[in-house]
Amino acid sequence: MSSSSSPMQSTGRKLKLKSKDDETFEVEEAVAVKSQIFKYMVEDGVSNGPIPLPNVNGKTLARVLQWCQKHADPTITEDELNKYDAGFIDVDQAVLYDLLMAANYLNIEELLKLACMRVADMIKGKSPDEIRRTFNIKNDFTPEEEEEVRKENAWALGP
Amino acid sequence: MQETFHHPASMTLPSSYTFATTMSGSNGTTSNTMTTPWMDRRIWSKLPQRLLDRVLSFLPPPAFFRARSVCKRWYALLFSDSFLELYLRVSPHHHWFLFFKHKSTLKSYIYRDCGGGDQGTDNRRPCEGYLFDPNDIAWYRISFALVPSGFSPASSSGGLVCWISDEAGPKSIILCNPILGSVIQLPLTLKPRLFPSLGLTVSPTSMDVTVAGDDMISPYAVKNLTAESFHIDVGGFYSIWGTTSSLPRLCSHESGRMVYVDGKFYCMNYNPFSVLAHDVAANIWSNIQAPMRRFLRSPSLIESRGNLLLVSAVEKSKLNVPKSLRLWELQSFGTTWVEVERMPQQLYIQFAELEGGKGFECVGHGDFIVITIRGSDKALLLDICGKKWQWIPPCPYSQGVGGGNNNVRDCRELHGFAYEPRLANPVTGLLDQLTSLSFQPYNG
């Protein structure tokens with residue numbers, strides 16, 4: 001992926017990033033600082049040479065940078081941004097997982113929120129057993145304890 | 001996008017609305033079951049615990065409480081400081097609603113009860129509330145058994161529901177988080193009042209309560225003279241009803257609820273219609289003219305995405321303008337009302353037929369508005385963002401309780417608030433400190 005094409009009010013300086021599978025990306029500072037990590041690097045003046053990101057692969061990094069670019073665009077309206085986000089996060093699970101991990105690693109609060117919200121929506125209708133299976137969690141309640149907990153929170157089951 | 005109208009006489013209705021007629025009865029299939037997407041455990045079992053906790057912070061409260069059955073650690077999250085700290089930082093607002101099956105709290109209704117000696121038989125303090133999720137169109141029943149009798153629900157903010165004592169005199173106020181089962185009482189107000197209006201706003205760091213009007217100038221006479229305010233915040237500032245203000249002359253707000261927007265409490269003033277505003281920080285009341293004030297019927301105020309909206313039926317008999325239900329937004333620093341939405345005419349015809357002049361109430365926050373029709377269990381939901389109107393399926397919990405007396409009508413009628421379910425209310429910690437210092441006898 002090469003540098004952004006839309007003009008931005010920025011110093012015009014670019015950051016070079018290198019994914020864990022050695023793909024390099026050039027990105028405008030104004031876009032990169034959506035990530036708190038890059039924000040500090042830019043502020044501290046540490047940006048010589050490509051910044052290695054051993055926890056993010058090229059495909060994911062490309063997507064993340066696309067999102068950052070969109071969100072750094074001063075001309076876009078809130079409605080357009082919401083529509084964009086809805087489409088952006090509608091991806092298959094493996095991609096969603098990678099985006100979640102990358103947003104966390106790169107400390108991009110808004111993207112992390114978007115991804116978490118999506119996962120929450122996927123699990124909110126699940127039974128406790130389904131949730132345990134999904135996340136490989138051991139049920140450490142005795143059957144009596146589990147029944148107690150269920151009764152205590154019975155209102156949440158609905159009609 | 002949405003046009004704003006200053007002269008709506010020739011407006012064209014937004015064509016992108018949809019409305020659905022009432023769903024055919026809940027026949028065993030609950031509106032709460034959803035098909036959930038299959039999740040690949042090979043992927044998700046690798047999710048680190050801290051990120052999974054963060055995901056849990058985004059769950060709407062019923063799902064969170066169901067998830068407490070998963071394992072002991074998840075059960076205990078509700079009491080975990082580190083989880084709650086994360087929750088307070090990242091959790092989204094759930095703009096839901098809370099309704100009560102209740103004798104109306106309007107003044108006229110209460111007077112009827114007081115006068116007729118109905119008190120004994122009709123002492124139906126609602127022990128339960130009905131939680132409504134406008135995203136998934138789902139109902140839940142939550143208990144208010146911890147609230148003592150002699151109190152009525154008055155307002156809600158930041159996950160807390162506020163109850164006020166019915167008895168004339170200085171007022172006792174109780175704040176309750178129904179999903180946590182927590183109850184805390186505020187110190188008594190100072191002036192004796194009958195049925196004052198109450199405004200509440202709660203944030204993670206502060207709380208403001210304003211109690212206004214119905215000053216008892218003698219044991220049998222009330223007048224709208226003053227308001228008193230309560231404030232507490234993490235900065236250490238507090239005012240235990242010591243902040244008082246005078247109401248504008250000749251105002252009449254009929255024990256209305258007050259809506260908080262951007263530093264002010266607002267409530268409807270009647271005859272003629274206007275909007276009373278209380279600037280909390282400056283402690284000053286002012287009066288704002290209402291739009292089309294001579295032609296309004298059943299006006300309500302609501303908060304919507306940070307703005308104040310006035311919702312009302314409009315009846316204009318002189319000109320050849322069809323009756324309608326309109327929504328105006330207060331703009332330009334509280335000086336101009338701009339019409340932002342109008343009920344589609346076809347839907348209005350249905351609505352008017354059901355409502356038949358009995359009146360209706362509106363509550364709302366975020367993107368959602370609910371209109372409940374008096375004397376009926378019918379309610380409309382408006383998603384103001386998507387411009388979608390729909391009839392809400394009746395609450396499955398409030399059906400069938402009757403008794404063949406005059407009160408059957410009340411039983412189905414829902415009266416409620418915009419309510420945001422929250423797992424934690426940090427400001428109640430401040431209240432704990434406060435009430436442990438002041439020795440107020442419980443006014444039970």
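Q: Which element gives the most to the lining of the largest pocket?
A: The general idea is simple: rolling a probe the size of a water molecule over the atoms shows where empty space is left. In this predicted model, H4(A) gives the most to the lining of the largest pocket, namely seven residues.

Q: What other elements give two or more residues to that lining, and how many residues line the largest pocket?
A: The lining counts 44 residues, and those nearest the centre are Glu78(A), Asn82(A), Asn135(B), Asp367(B) and Cys385(B). Besides helix H4 (78-88), chain A brings in helix H3 (58-72) and helix H6 (109-123), while chain B adds strand S20 (324-331) and strand S21 (336-342).

Q: What is the volume of the largest pocket, and how do the residues of its lining divide?
A: Its volume is about 2,000 Å³. The lining is a mix of 17 charged, 14 nonpolar and 13 polar residues.

Q: Let's look at one of those strands. Is Ser324(B) buried or exposed?
A: Relative accessible area is the number to read here, and under 20% counts as buried. Ser324(B) sits in strand S20 of chain B, and it is buried because its relative accessible area is 0%.

Q: What does Ser324(B) touch, and what polar contact does its side chain make?
A: To read contacts, set aside the residues up to four places away in sequence. Ser324(B) then touches Ser312(B), Ala313(B), Val314(B), Arg342(B), Gln345(B) and Tyr348(B). Its side chain also makes a polar contact with the side chain of Arg326(B), at 3.0 Å.

Q: How do I read separation along the chain against separation in space? Where does Lys388(B) lie relative to Ser324(B)?
A: Put the two kinds of number side by side. Lys388(B) and Ser324(B) are 64 residues apart along the chain, and their C-alpha atoms are separated by 17 Å. Ser324(B) and Phe195(B) are 129 residues apart, with 31 Å between their C-alpha atoms. For another pair, take Ala281(B) and Leu347(B): 66 residues along the chain, and 41 Å from C-alpha to C-alpha.

Q: And are Lys388(B) and Ala281(B) buried or exposed?
A: Lys388(B), in strand S25 (residues 388-391) of chain B, counts as partly exposed because its relative accessibility is 37%. Ala281(B) belongs to the loop between S16 and S17 of chain B, and with a relative accessible area of 79% this alanine is exposed.

Q: What is the phi of Asn283(B), and where does that residue lie?
A: With phi, look at the sign and at whether the residue is a glycine. Asn283(B) has a phi near 55 degrees, a positive value in a residue other than glycine. You'll find Asn283(B) in the loop between strand S16 (274-279) and strand S17 (284-289) of chain B, and it is buried at a relative accessible area of 18%. Met292(B) isn't a glycine either, and its phi is positive at about 50 degrees. Met292(B) is in the loop between S17 and S18 of chain B, where it counts as partly exposed at 24% relative accessibility.

Q: What surrounds a buried serine such as Ser304(B)?
A: Start with its place, then list its partners. Ser304(B) lies in strand S18 (residues 296-304) of chain B and is buried, with a relative accessible area of 2%. Leaving aside neighbours within four places in sequence, it is in contact with Leu309(B), Gly366(B) and Ile384(B). A polar atom of the Ser304(B) side chain lies 3.4 Å from the backbone oxygen of Gly366(B).
In chain A, Ser35(A) is in the loop between helix H1 (29-32) and helix H2 (36-44). Ser35(A) is buried too, at 1% relative accessible area, and its contacts beyond four places in sequence are Leu106(A), Asn107(A) and Ile108(A).

Q: How many disulfides are there over all chains?
A: The test is whether two cysteine sulfur atoms lie within 2.5 Å. The count is zero over all chains. Take Cys116(A): the closest cysteine sulfur, in Cys68(A), is 16 Å from its own, so that is too far for a bond. Cys116(A) is buried at 0% relative accessibility, and Cys395(B) is buried at 2%.

Q: What does chain B come to in helices and strands?
A: Chain B has nine helices and 26 strands. Of its 444 residues, 55% count as buried. Among contacts in chain B with a separation of 6 or more, 55% come from residues 24 or more positions apart.

Conventions: Residues are numbered from 1 along each chain as its sequence is written. Chains are lettered from A and ligands numbered from 1 in the order in which they are written. This is a predicted model: local features need pLDDT of at least 70, side-chain atom pairs count only at pLDDT 80 or more; totals for chains, interfaces and linings use all residues. Side-chain values use heavy atoms; hydrogens and water are left out. On a 1 Å grid over the protein atoms alone, a cavity is a set of points where a 1.4 Å probe fits but cannot get out, and a pocket is an open set with protein on both sides within 12 Å along at least five of seven lines; lining residues have an atom within 4 Å of a point. Grid points are joined across faces, edges and corners, and a volume is the space filled by probe spheres set on the points. Helices (H or I, at least four residues) and strands (E, at least two) are DSSP runs, numbered from the N terminus. Ala, Val, Leu, Ile, Met, Phe, Trp, Tyr, Cys and Pro count as nonpolar, Asp, Glu, Lys and Arg as charged, and the others, Gly among them, as polar. Buried means under 20% relative accessible area, exposed over 50%, partly exposed in between (1.4 Å probe, protein chains only). A polar contact is a pair of N or O atoms within 3.5 Å; within protein, one must be able to donate a hydrogen and the other to accept it, and residues adjacent in sequence count only if both atoms are side-chain atoms. Contact means heavy atoms within 4.5 Å.
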